[in-house]
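User: I have a model open and I'm not sure how to read it. Could you walk me through its features, one at a time?

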Number of protein chains: 2
Amino acid sequence: MFMAMAAPNPDPLAGFPAGFLDGFTSREVGKGQLLATPGQALNQVFIVRSGRLRVYLASDARELSLSILEPGDIFTTHTPTFVRGLEPASLWVIGIREFAAKLTGAPTVAPLMMKVLGRILDNAVSLVEDLAFRDVPARLARFLMRQAERRGEQGPEGCVLPLDLGTEDIACLLGTTRQSVSSLINQWQREGVLSRRGRRALLIHDLPALAARSLAQG
Amino acid sequence: MFMAMAAPNPDPLAGFPAGFLDGFTSREVGKGQLLATPGQALNQVFIVRSGRLRVYLASDARELSLSILEPGDIFTTHTPTFVRGLEPASLWVIGIREFAAKLTGAPTVAPLMMKVLGRILDNAVSLVEDLAFRDVPARLARFLMRQAERRGEQGPEGCVLPLDLGTEDIACLLGTTRQSVSSLINQWQREGVLSRRGRRALLIHDLPALAARSLAQG
DNA sequence: CCGCTTCCGTCGGCCAGCCGACACTCCGGC
DNA sequence: GCCGGAGTGTCGGCTGGCCGACGGAAGCGG
């Protein structure tokens, strides 16, 4: 559903030729620190080494997260989005011109970039689909199912999801409000579909029930 | 607002090295003919030579156009979208593997592809922004302004827009309904902002008024 | 232990805009 | 001219979900 949400990569550099990082510089981003804004002149490409970053759009009154970047993800400041540290993170950074030069120098990387960009585009399209076609319950159900696929750990009572996101954060990812997410989760809790597991984790009891809820409303 | 809506290009091949089309085959697409669907196995890259194509998403009950492709635009069937001829069109086509090989062989094309993909992504993001942040009047106003910029012709009474799209088509591009678009256009007509110019063209009298309407609602 | 801050749950009011229905206009074919 | 189909204009009813408000719970520093 969201850009650049590949499974966390144990080796962030798999797929890049040896020495590809020559010319990159290192950079730290603090929690809550702004890395990029729409329309800024500075054009850079970066690869996440550790930590998480939030990619989002903002209007006067609201924010909409497009993606959470994780180690191994590649992105650029040359987009009409904000990028902000969700927690302390460290990056490899390079200017976009130098990066392009690197690409022409190492032709095997071009298809890889196509693949990365393709995945980001797929995710953006998928977000459009959600906003245009699905109501809030379906969006939330789909989100939870994807998370279960990505990071769920099978326990005795069901699938444990370490979301590490607050209600508000989830609402931002889904293009809805804190209140709507809250009331839905509690309703499903009453219905026995899932239950809270501490402050920022969920326990899914009934995955099929979630699947059913993800289909409603054409 | 929409993918791949560059100004119509008098020479669709500007920017490609000579002989780049070697290996492409020619293909005609009839009006209303389906060229690509989500999940199809066939992966191709194509460049539009003439005519227009519609790129869109569909659910059970509704359709949402992402873009209208025009001569010079480049796209791929490897996306979770439908692509359909809006009028008779002709294309250059190549397999995606061969295309990738071409890229590594002609390294100057890689940055160009990055640029194309970047533009498509920007447009997708812009569509997300519209769906998430703007109400229908603002979306319509923005759409008309972009069209005026792209293809408007200054006449004595204002700017003439040859949209070549019906009310329903416009609604599809904006993620709304025929009825909403219709009533807005007529309301603005009554207010003197614009007027109909035959069946599928508009005459914009008051561009600033449109601009004002494009801002409403954060 | 106690205050303070942040996050979470819930309720009711309200409204943008979707939907169905129907009449009208335009246009091409014969 | 006549007919049929496609596109257009308009109206009311209905509802998903946003918004403001407020009280409760959980974490945290002292």
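Analyst: Let's go through the protein contact, then the DNA, then a backbone detail. Keep in mind that this is a predicted model.

User: Okay, start with the two protein chains. How many residues does each chain bring to the contact?

Analyst: To read an interface, begin with who takes part. Here, 32 residues come from chain B and 32 residues from chain A. Then look at the area: about 2,900 Å² is buried between chain B and chain A, and carbon and sulfur atoms give 84% of it.

User: Which parts of chain B make up its side of that contact?

Analyst: Look for the elements that bring several residues. In chain B, strand 4 (53-58), strand 5 (63-69), helix 1 (96-105) and helix 2 (109-133) each supply at least two residues of the side that touches chain A. Helix 2 of chain B gives the most, with 16 residues. Sort that side of chain B by class and you get 24 nonpolar, four polar and four charged residues.

User: How many salt bridges cross the interface of chain B and chain A?

Analyst: For this one you go looking for oppositely charged side chains that meet across the boundary. The rule finds zero salt bridges between chain B and chain A. It also finds zero residue pairs in polar contact across that interface, counting pairs with both residues at pLDDT 80 or more.

User: On to the DNA. Which residues come nearest to DNA strand C?

Analyst: With DNA, ask who is around it, then which part of it is touched. There are 18 residues around DNA strand C, and A:Ser182, B:Asp135, B:Val136, B:Thr176 and B:Ser180 come nearest. Of the atoms of DNA strand C within 4 Å of the protein, sugar and phosphate account for 69%.

User: What do single contacts to DNA strand C look like?

Analyst: Check which atom sits on each end. A:Ser182 has a polar side-chain atom 3.0 Å from a phosphate oxygen of DNA strand C. For B:Val136, a backbone N or O atom lies 2.9 Å from a phosphate oxygen of that strand. A base is involved with A:Arg178: an N or O atom in its side chain is 3.0 Å from a base oxygen of DNA strand C.

User: Which element gives the most to the surface near DNA strand C?

Analyst: That's helix 5 of chain A, with five residues. By class, the surface near DNA strand C has two nonpolar, nine polar and seven charged residues.

User: And what about DNA strand D?

Analyst: Ask the questions again. Around DNA strand D there are 18 residues, with A:Asp135, A:Thr176, A:Ser180, B:Thr167 and B:Ser182 coming nearest. Sugar and phosphate make up 71% of the atoms of DNA strand D that come within 4 Å of the protein. For a single contact, take B:Arg190, which has a side-chain N or O atom 3.1 Å from a phosphate oxygen of DNA strand D. Helix 5 of chain B gives the most to the surface near this strand, with five residues.

User: Last one: where is A:Asp164 in chain A?

Analyst: For a backbone detail, look at the angle, the place and the exposure. A:Asp164 has a positive phi of about 55° although it is not a glycine. This residue sits in the loop between strand 10 (158-161) and helix 4 (167-174) of chain A. A:Asp164 is partly exposed, with a relative accessible area of 40%.

User: What is the phi of B:Asp164?

Analyst: B:Asp164 has a positive phi of about 55°, and it is not a glycine. B:Asp164 counts as partly exposed, at 40% relative accessibility.

Key: Residues numbered from 1 in each chain as written. Chains lettered and ligands numbered in written order. Predicted model: local features only at pLDDT ≥ 70, side-chain atom pairs only at ≥ 80, totals over all residues. Heavy atoms only, no water. Contact = heavy atoms within 4.5 Å. Buried area = accessible area lost by both parts, 1.4 Å probe. Salt bridge = Lys/Arg side-chain N within 4 Å of Asp/Glu carboxyl O. Polar contact = N/O pair within 3.5 Å; in protein donor to acceptor, adjacent residues only side chain to side chain. Helix = DSSP H or I, 4+ residues; strand = E, 2+ residues; numbered from the N terminus. Nonpolar A, V, L, I, M, F, W, Y, C, P; charged D, E, K, R; others polar. Near = heavy atom within 4 Å. Buried < 20%, exposed > 50% of the residue type's maximum accessible area, 1.4 Å probe, protein only.
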